[in-house]
Amino acid sequence: MMARAQHQLKPDEDASQNALQGIADSFIEWPRAPTLRCPDACGLEFEHVWFPSEDGLPLQGWFIPASGSSKIIIANHPRWLDRADLPPHLIPLFGSRAAKGPESDFIADYKILHDAGYNILAYDLRNFGPVGAVNGSAFSGGRHESRDVIGALRYVRSHHDLRHMSIGLFSRCVGANATLFAMTRRPDVFVDVRFMVCAQPFFVEAVLNRAFERLGIPHCCLDDLDNRVFLNTGFKIAQFSPIPWAKSVAIPTLLYQATRDCSRNPDDIHTAYDAIPCPQKKLVRIDGKNGSSDGYAYFQRQPNEILSWCEEHMT
């Protein structure tokens, strides 16, 4: 009887082990988001640009000029996506709520910023979009990616047409994490940056906890997953948290987060906000039915709050 019971449980155990390995492998393998649209889809003039990351990796992006403006916003993107949007073939990765929700269209964001008088540099992070694979293709929650944030800032400051411009940052999801970790490593790089809009930072541990619930994996298996992720990336899961890095923010920062994002712990954004020492900070909670999709569509739906923040701190 005991042997039979153990045999009956083994398929569930095997399924859990396969799920754990699948999650761990998602830190080094994931489908790329090809760049299917360009800014001219919204009537914007643009240039393709290339520049090195802090460690020399060639990065790609768009420069969208605003005639007569001396202000520039540097924008990056969430995990899975690229500088443009969420391609339709990747929507199933986000579940039915993403398929039902609004598309993540960052070109529409750039149109709003451009029309408000901002030049824009939008770029892809390493291991996303068309940018080359590096660091063993590992996703590091913003650690390796922080080098790309620094590379983008160096590009603007070294370009003869851009170096005189006032700089603001629009950092999303893992791009926000990367910016926060860059501030932790290299605070000197951000001395003259005017502000940051920090959209939905990526809290990896909360996402994994929700994945365990969705897949029916016992939470006691988190240590097992932690070891598997470490073997794949060289980092423990706790090392991906942006909360300790928020303590290094020394520029005016607006954070925003969707309230019904089922992949996140609603307390995390408050903890990160409270950790920011800069007194010029603001937290916006976004109501909606589509989780993170509502968060990424927020700027297009209600741009005035963020535009006012940008204008207040850019001048």
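**Reading the sheet and the core**

Colleague: Which residues does Tyr110 touch, not counting residues up to four places away in sequence?

Modeller: Tyr110 is in contact with Leu44, Trp62, Ile64, Ala75, Arg83, Ile120, Ala122 and Arg172, once residues up to four places away in sequence are set aside. Please keep in mind that this model is predicted.

Colleague: Which residues of the largest nonpolar core touch the most other members?

Modeller: Tyr110 is one of them, together with Phe170, Leu225 and Tyr256; the core holds 98 residues. Helix H5 supplies its largest share, namely seven residues.

Colleague: How should the pairing of strands be read, and in what order do the strands of the sheet stand?

Modeller: In general, the strands of a sheet pair through backbone hydrogen bonds, in either a parallel or an antiparallel manner. Here eight strands make up an open sheet, arranged as E1-E2-E4-E3-E5-E6-E7-E8, with mixed pairing. Strand E1 (47-52) and strand E8 (281-286) lie at the edges; each has a single partner strand, so one side of each has no neighbour in the sheet. On average, neighbouring strands are turned by 20° against each other, direction ignored.

Colleague: Where may the antiparallel sense be seen?

Modeller: E1 and strand E2 (residues 58-64) pair in this way, over six bridges. Within that pair, Phe51 has Leu59 in E2 as its bridge partner. The hairpin of E1 and E2 has five residues between the strands, and Gly56 adopts a positive phi near 95° there.

Colleague: Which strand runs parallel to strand E3 (residues 71-75), and how many bridges join the two?

Modeller: Strand E5 (residues 166-172) runs parallel to E3, and five bridges join them. Ile72, for example, stands opposite Ile167 in E5. Helix H5 (residues 174-185) packs on the sheet, where it touches E5 and strand E6 (193-199). The direction of H5 makes about 125° with that of E5.

Colleague: How do the side chains of a strand relate to the faces of a sheet?

Modeller: As a general idea, side chains in a regular strand alternate between the two faces of the sheet.

Colleague: What describes the protein chain as a whole, beginning with its helices and strands?

Modeller: The secondary structure comprises 10 helices and eight strands. The chain has 315 residues, of which 55% count as buried. Among contacts between residues at least 6 apart in sequence, 77% join residues at least 24 apart. The chain exposes about 13,500 Å², and carbon and sulfur atoms account for 53% of that area.

Notes:
Residues are numbered from 1 along each chain as its sequence is written. This is a predicted model: local features need pLDDT of at least 70, side-chain atom pairs count only at pLDDT 80 or more; totals for chains, interfaces and linings use all residues. Side-chain values use heavy atoms; hydrogens and water are left out. Two strands pair if DSSP finds at least two bridges between them. Helices (H or I, at least four residues) and strands (E, at least two) are DSSP runs, numbered from the N terminus. Axes are lines fitted to C-alpha atoms, for helices over the stretch in contact, and angles run from 0 to 180 degrees between N-to-C directions. Contact means heavy atoms within 4.5 Å. A nonpolar core is a set of buried Ala, Val, Leu, Ile, Met, Phe, Trp, Tyr and Cys residues joined through side-chain atoms within 4.5 Å. Buried means under 20% relative accessible area, exposed over 50%, partly exposed in between (1.4 Å probe, protein chains only). Accessible areas come from the Shrake-Rupley method with a 1.4 Å probe; for residues, only the protein chains shown count as cover.
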